[in-house]
Each structure stands twice: as C-alpha cells, then as structure tokens.
Amino acid sequence: MNIATPTTVAWVGGPPGRVRLLDQTRLPLETHHIEVDTVQGMVDAIRRLAVRGAPAIGVAAAWGVLLGLQHGLQYGVERAGVERDGVERAGVERDGARLAELLRTTCADLAAARPTAINLFWALERMQNHGLARLAAGADGRQLFDALLQEAQTIHDEDVRQCRRMGELGEPFVPDGAAILTHCNAGALATGGMGTALAPIYVAKERGKNVAVYADETRPLLQGARLTAWELQQAGVAVTLITDGMAARVMSEGLVRAVFVGSDRVAANGDVCNKIGTLGVAVLARHFGLPFYVVAPTSTFDPRVPNGARIPIEERPAEEVSEGFGRRTAPRGVAVYNPAFDVTPAELVTAIITEVGVLERPDRVGVDRLLRERGHLALPVA
C-alpha cells in the first residue's frame, strides 16, 4: 500500500520555467496552486508561508535560484546559447563575473526570506557553490543554467529519498495499535517528499500497523489544524485534533504512546529548534514518561551554531496573534510577543531520526560523529 501525499513544490516548463507551489495559506478549505516566476515572488511565498517547513523551503529556494538566473539571462547578463567561438577572453571573463554576481545576489535575496530554518541557507549555499565552480571552469550562461537546473532537481530528489528513508528508520518506533502526538506540520506539506515527523507514521501504515495521531492545533497559525489534520485525512490516517493546551490532558489519560516532531534547525550540541510550543510538549513528554522523537534530515543540522541559544528565532507580526485570520481577538494596542519557534534542549530528546541513522540521546559528540559520517556542513549564505 502506498500512502497518497500532496506535492508541495514542483518546477514546471522551461526554460523559462516556473515554480508551482501548493498555497498552504488556503488550506484546508481550498486546494490552490500558485506559479512563481520571480525571485521576489519566491521570497514573498516563503515569508507569507505559502510554502513552509524547513526542507520544503530549502527545495523551493533551490528552484528560486533558477528563477533569478533565467531572468538575468533573459535581460542580457549573458544570453543562453551565445556562441563562444571568436569571443575575446576578456569579454568572457566579464560575462563570468556578471553571472557570478547575479548568482550571489539571487542567493542573498532568497536567504533574507526567513531567518530560522537552516535548510534555506544550506540549499542556497549548495546552489551558489555549484554555480561558482562551473563558472570557474568556463561555463557560459546556458551551461550555468543547465548545471543549476540539474543541481536543484538533485536537491529535490534527495529530499524525496531522505524522507522515505527517515520514515523507514522511524517506523520501528511507532507503536502498533496506539496513537502518537505531533505538533505543527512535518509531513509532505513541509518537504519535497513524504515528510519528516509524519514519514514514520506513513510507513507504519503502509506496513499494516494500526496507527493514529493526535494533532496539536499549533497556535497562532494553526498548522496542526489546517495542515496536519488535512494531510493525515487525505492519507487515510486516523487523526484527532486537539488544542495545544489539551496535550497534558491527553498524555495524562494515556491516549498517546510517543511524540514525533520535526525541526527547523538542530544545533551542534543536539538542541532542537521547532515550531513554538514544541518545548512545552517535550517537557510534558518527559513528565509523563513518553519518548520524544525528532525527525530531521542532516541538512537541518547546523554545526556552526554551538547550542540552541544561538539559533536566530523569527518573530512574526503581532497581528497573527491579536487578529488571526482577519478577526480581532485581543484589545487594540495590547503588546504582543510572537516568536515563531522555540528550542528544546537535547536532554529532553529521546532520539533524532535522520536519513543516515538514529542518534539516541543526542549530544555534541554524537552530532559531530553523525555529520562527519555524512560529510555534511551547513554554511549560511553571507
């Protein structure tokens, strides 16, 4: 049995091409796709959460680099297909410098979209480095575009495979005949594949396990209610929606056996940054003796950040709390604090499930070993 999951992001057409996104701000009432054909359009889509979830943001940003490059080529930085024979070397070098600047500027613009999810910077660094290497080898505009088109597709394909692998490695931790609790959305809607935290659930269902989910509503933007509940219903997984404040009650009644969440950035010591409210769930899980699993690819690890206190936390507009979805629910002028994420200390994490293995009781030594085995470094775009 194969679980049906939605396609969050896709490259269509081209060149010139476009990026088709499932607009997650319209769910669950409307399944609506948008097509993005400019870098600014991609930045806006990421900022307003039309596309969200760390892996999906990384994939979308990789495709976004293509949008900037094809726009620059179209308007004369160096037109695709230009003949190289007879061109003076100085002219070629000038074109190469212009292309390199276009690539750097495009990546910097996309990097400014949101500050917390490291996959954004990881994907852009990978695209930028690959492009600069091709330019150093003498690539022209068309060759650069083709090379980066292939690299973006590779990043996307890798995410699909990694999601599946995390599901397979996490499936043994999904209890048969019991329910798990999840917070926010870490399914197919948050990735280019079948998801992170929801992937073990999908694989468990494929393998015949009787599995159910309690989904936290996830205030203030209700990703659990709008997205996770919708996605699980579409996949045929039994799901019960609760408000965030009900998690303690659900745990105390023995209704769930484990907690699975995703992550937007994992620090070098194993501290985990995820959607606001995750820390509270982790504290409750420890109190009630429940395992707390984080499912995240190695691209979500940031070895340059020593601990969770150093992770930049995005603060979202006050209106998301005081008048969410267009209806005011708080007095005018009241002060609002609206961090989008919080950090769960490594000591509260039972294990981090990645595409290359399960890191139990994460700490600095374990994270370092995992990343060295993967040959991975996350380097933010300057």
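**A helix crossing and a three-stranded sheet**

In this model, helix H2 passes helix H4 in a right-handed crossing, and I should say at the outset that we are looking at a predicted model. H2 spans residues 54–74, H4 covers residues 118–136, and the axes of these two helices come within 7 Å of each other, crossing at roughly 30 degrees.

If you follow the contact residue by residue, H2 contributes Ala54, Pro55, Ile57, Gly58, Ala61, Ala62, Val65 and Leu66, and these meet Asn119, Leu120, Ala123, Leu124 and Met127 in H4. Sorted by class, the contact of H2 with H4 holds eleven nonpolar residues and two polar ones, with no charged residue taking part.

Helix H2 also brings us to the sheet, since H2 lies across E1, E2 and E3 and runs at about 25 degrees to E1. Those three strands form an open sheet in the order E1-E2-E3, with antiparallel pairing. Strand E1, residues 9–13, and strand E3, residues 33–36, stand at the edges and have a single partner strand each, so one side of each is left without a neighbour in the sheet. On average, and ignoring direction, neighbouring strands of this sheet are turned by 30 degrees against each other.

How many bridges join E2 and E3? Strand E2, which runs over residues 17–22, pairs with E3 in the antiparallel sense over four bridges, and if you would like a place to look in the structure, Leu22 has His33 in E3 as its bridge partner.

How values were computed:
Residues numbered from 1 in each chain as written. Predicted model: local features only at pLDDT ≥ 70, side-chain atom pairs only at ≥ 80, totals over all residues. Heavy atoms only, no water. Pairing = 2+ DSSP bridges. Axes fitted to C-alpha atoms, helices over the stretch in contact; angles between N-to-C directions. Contact = heavy atoms within 4.5 Å. Left-handed = near helix turned anticlockwise from the far one by under 90°. Nonpolar A, V, L, I, M, F, W, Y, C, P; charged D, E, K, R; others polar.
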